[in-house]
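Trainee: I have a new model open and would like to talk it through with you. Could we start with a side-chain contact and work outwards from there?

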Amino acid sequence: MSLIPNFLNRRSNVFDPFSLDVWDPFEGFPQLSSLSNFPSETSSFAAAKVDWKETPNAHVFKADVPGLKKEEVKVEIEEGRVLQISGERSQEQEEKSDTWHRVERSSGRFSRRFRLPENAKVEEVKAAMENGVLTVTVPKEEVKRPDVRPIQISG
């Protein structure tokens, strides 16, 4: 495993005006949480992975939220055109008689925000969750094509 993070493998585009993701210079490094006794709010779960694709009729967001119920996830439109997907996975209760050998599943809050383009119909957003994948569909307004009328050339 390389200690140098791979910046070329990032799916987000720094030139994308719609992305509100914050660059994490430590992404890809081994977690340093074992060096501290304090619980970390920023776990791997805090950066829930989201795919955003545009189809001819809609913008479709798919977020991986494994193990969460739909009641634990919120989808909101803020400031008119900002889609926010957030939620929280609580930490399992520790029993005194239990002996933990490994803890890899993360807990904590996550929040992702995306600025929607002008053609998004924010009043018609729909969300569904199935098998740990949240799908948010934002319909697009129909593009009005200019009325083109041919002109006869005399001569």
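Trainee: Happy to begin, and I know this is a predicted model. Which residue's side chain does the side chain of Lys140 join in a polar contact of 2.8 Å?

Mentor: Start by placing the lysine: Lys140 lies in the segment after S7. Leaving aside neighbours within four places in sequence, its contacts include Thr55, Asn57, His59 and Asn119. Glu54 is also in that contact list. The side-chain partner at 2.8 Å is Glu54.

Trainee: Is Lys140 buried or exposed?

Mentor: The cut-off helps here, because buried means under 20% relative accessible area. Lys140 has a relative accessibility of 15%, so Lys140 counts as buried.

Trainee: And what about Glu142, buried or exposed?

Mentor: Glu142 also sits in the segment after S7. Its C-alpha is 9.3 Å from that of Pro56, although 86 residues separate the two in sequence. For the class we need the threshold, and exposed means over 50% relative accessible area. Glu142 reaches 76%, so Glu142 counts as exposed.

Trainee: Let's step back to the fold. How many strands does the chain have?

Mentor: Reading from the N terminus, the elements run β-β-β-β-β-β-β. There are zero helices in the chain. The number of strands is seven.

Trainee: Which strands are the edges of the open sheet?

Mentor: That sheet has three strands in the order S3-S4-S5, with antiparallel pairing. An edge strand pairs on one side only, and the two that do so are S3 (73-78) and S5.

Trainee: By how many degrees are neighbouring strands of this sheet turned against each other on average?

Mentor: We stay with the sheet ordered S3-S4-S5. Direction is ignored for this angle, and the average is 15°.

Trainee: How many bridges pair S3 with S4?

Mentor: S4 covers residues 82-89 and pairs with S3 in the antiparallel sense. Within this area, Glu78 stands opposite Val82 in S4. The number of bridges between S3 and S4 is six.

Trainee: Now the aromatics. What geometry does the pair of Trp52 and Phe114 have?

Mentor: The whole structure holds three aromatic pairs. In this one, the ring centres are 5.9 Å apart and the planes meet at 75°. Planes over 60 degrees apart fall in one class, so the geometry is edge-to-face.

Trainee: How many residues apart are those two partners?

Mentor: Trp52 belongs to strand S1 (residues 50-54) and Phe114 to strand S5 (residues 108-115). The pair therefore links distant parts of the chain, and Trp52 is partly exposed at 26%. Phe114, by contrast, counts as buried at 5%. Their separation is 62 residues.

Trainee: Which residue completes the aromatic cluster with Trp52 and Phe114?

Mentor: Look for a residue that touches Trp52 and Phe114; one does, and Leu116, Leu134 and Val136 are also among its contacts. The third member of the cluster is Phe61.

Trainee: Finally, which strand gives the most residues to the largest nonpolar core?

Mentor: This core has 17 residues, and those with the most contacts inside it are Phe61, Ile85, Leu116, Leu134 and Val136. The elements giving two or more residues are S2 (58-64), S4, S5 and S7 (133-139). With three residues, the one that gives the most is S7.

Note on methods. Residues are numbered from 1 along each chain as its sequence is written. This is a predicted model: local features need pLDDT of at least 70, side-chain atom pairs count only at pLDDT 80 or more; totals for chains, interfaces and linings use all residues. Side-chain values use heavy atoms; hydrogens and water are left out. Rings of Phe, Tyr and Trp (its six-membered ring) pair if their centres lie within 6.5 Å; planes under 30 degrees apart count as stacked, over 60 as edge-to-face and the rest as tilted. Helices (H or I, at least four residues) and strands (E, at least two) are DSSP runs, numbered from the N terminus. Buried means under 20% relative accessible area, exposed over 50%, partly exposed in between (1.4 Å probe, protein chains only). Two strands pair if DSSP finds at least two bridges between them. Axes are lines fitted to C-alpha atoms, for helices over the stretch in contact, and angles run from 0 to 180 degrees between N-to-C directions. A nonpolar core is a set of buried Ala, Val, Leu, Ile, Met, Phe, Trp, Tyr and Cys residues joined through side-chain atoms within 4.5 Å. Contact means heavy atoms within 4.5 Å. A polar contact is a pair of N or O atoms within 3.5 Å; within protein, one must be able to donate a hydrogen and the other to accept it, and residues adjacent in sequence count only if both atoms are side-chain atoms.
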